[in-house]
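Subject: A structure for you to look at

Hello,

I am passing on the structure I promised you, with some notes to read beside it. Please open it first and keep it in view as you go.

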Amino acid sequence: MSKGGNVAMTALKESDTGAAYNWKDIVDRLIHYLRIKQTPVGVKYFETKEDIQKIPKVRIPTKHIAPCTTISQAIQFNWTVACLAETIHINYCRGIHGMFNRDEKWHSGKIFDKVYYDELCDAEAHHDALNCLPAKYAGFVASPLVSGRLQEPDVCIIYADSAQAFMLLAGWQYYGYEKLEFTFVGESTCSDSWISTMLTGKPKLSIPSFADRKFGGLKDDELVISMKAGDLERAINGVEQLHKNGLRYPIAPYSLTTDMIEGLPKSYLEY
């Protein structure tokens with residue numbers, strides 16, 4: 001591993017042991033190198049409502065809202081906002097987020113029968129395939145990373161276009177290559193993204209679902225990226241190095257009718 005890789009991994013290990021992250025620096029570099037348009041947020045789950053109420057300036061909802069709506073409120077409005085079991089609209093979402101003990105009715109999949117699936121068995125298979133947290137949480141809080149109100153979030157979430165997503169994940173791979181695997185369960189992007197990251201510890205990239213767009217306000221060109229805090233730090237360190245290597249965002253398109261040799265790094269020409 002390179003010297004730069006050693007530095008990045010050392011920083012990662014120090015952060016994992018409890019050292020505070022410099023969120024302003026991390027977010028500033030996300031904006032500088034990738035021109036991230038939406039506010040990067042952190043999410044943390046709590047087992048009691050009392051612990052949620054201790055978060056500085058947390059907004060407690062008084063209306064029924066979905067978890068994806070909560071995330072988008074933090075991202076678009078820069079709010080620190082809670083999502084509670086009693087304010088989530090249905091047990092389906094509560095079950096994914098560890099706020100409901102998934103029972104036989106939940107596993108039946110009937111909520112999606114003749115909605116997303118022609119056969120009940122397929123709706124049931126969808127529910128069985130979902131990544132879900134264990135049923136022990138009262139809710140979660142989403143907050144902009146730079147607010148400092150969740151210094152050690154369980155997971156970080158970024159809305160980005162496909163080119164930004166590519167560069168960020170390529171940056172993560174720079175200091176220690178690993179093939180990343182992404183899933184598509186259908187409806188419920190939260191299961192494929194930040195819930196999956198919490199369960200596996202791995203970065204995830206997901207296509208926003210129908211509900212994400214209808215109730216979370218995600219745009220047509222946005223993808224959902226989720227990472228553990230240390231991985232986000234590692235990723236932006238890698239992006240910075242890629243930038244130094246000449247691999248930069250925005251990615252300047254090369255002419256479709258020009259000899260591409262002049263647009264390639266010199267090292268490519270040897271292979």
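Below is what I found, starting with the sheet and ending with a contact elsewhere in the chain. Please bear in mind that this is a predicted model.

**The sheet**

The place to begin is an open sheet of six strands, paired antiparallel in the order β2-β3-β1-β4-β6-β5. Its edges are β2 (81-84) and β5 (204-206), each of which has a pairing partner on one side only. From one strand to the next, the twist averages 25 degrees.

You may like to follow β6 (residues 223-227) in particular. Three bridges join this strand to β5, and the two run antiparallel. To find the register, look for L205, which stands opposite I225 in β6. The pairing of β6 with β4 is also antiparallel, over five bridges, and here I157 is the residue opposite S226.

How many of the five residues of β6 are buried? Five of the five are, so the strand is largely enclosed by the rest of the structure. L223, I225 and M227 point one way from β6, while V224 and S226 point the other way.

**The helices on the sheet**

Two helices are worth turning the model for. Helix α8 (residues 162-174) packs on the sheet and touches β4 (155-160), β5 and β6. The direction of α8 makes about 20 degrees with that of β6. Helix α12 (residues 229-244) lies across β4 and β6, and runs at about 110 degrees to β6.

How do these helices meet each other? The axes of α8 and α12 come within 6 Å and cross at roughly 95 degrees. That angle makes α8 roughly perpendicular to α12. By class, their contact has ten nonpolar, four polar and two charged residues. On the α8 side, the residues include M167, L168, W172 and Y174. Those contributed by α12 include L232, I236, V239 and L242, with D231 and R234 also among them.

**A closer look at S206**

Back at the edge of the sheet, S206 lies in strand β5. Is this serine buried or exposed? S206 is buried, because its relative accessible area is 3%, and the cut-off for buried is under 20%. The side chain of S206 reaches the backbone oxygen of D192 at 3.4 Å. Leaving aside neighbours within four places in sequence, S206 is in contact with T189, D192, S193, L223 and V224. Of these, L223 and V224 point opposite ways from β6.

**T69 and its distant partners**

The last spot is T69, which has its place in helix α4 (residues 67-77). T69 counts as buried because its relative accessibility is 15%. Which residues does T69 contact, once its neighbours within four places in sequence are left aside? They are F215 and G216. D212 is worth displaying as well: T69 and D212 are 143 residues apart in sequence, yet their C-alpha atoms are 7.6 Å apart in space.

Do write back if you would like to go through any of this together.

Best wishes

Key
Residues are numbered from 1 along each chain as its sequence is written. This is a predicted model: local features need pLDDT of at least 70, side-chain atom pairs count only at pLDDT 80 or more; totals for chains, interfaces and linings use all residues. Side-chain values use heavy atoms; hydrogens and water are left out. Two strands pair if DSSP finds at least two bridges between them. Helices (H or I, at least four residues) and strands (E, at least two) are DSSP runs, numbered from the N terminus. Axes are lines fitted to C-alpha atoms, for helices over the stretch in contact, and angles run from 0 to 180 degrees between N-to-C directions. Contact means heavy atoms within 4.5 Å. Angles under 35 degrees count as roughly parallel, over 145 as roughly antiparallel, 65 to 115 as roughly perpendicular and the rest as oblique. Ala, Val, Leu, Ile, Met, Phe, Trp, Tyr, Cys and Pro count as nonpolar, Asp, Glu, Lys and Arg as charged, and the others, Gly among them, as polar. Buried means under 20% relative accessible area, exposed over 50%, partly exposed in between (1.4 Å probe, protein chains only). A polar contact is a pair of N or O atoms within 3.5 Å; within protein, one must be able to donate a hydrogen and the other to accept it, and residues adjacent in sequence count only if both atoms are side-chain atoms.
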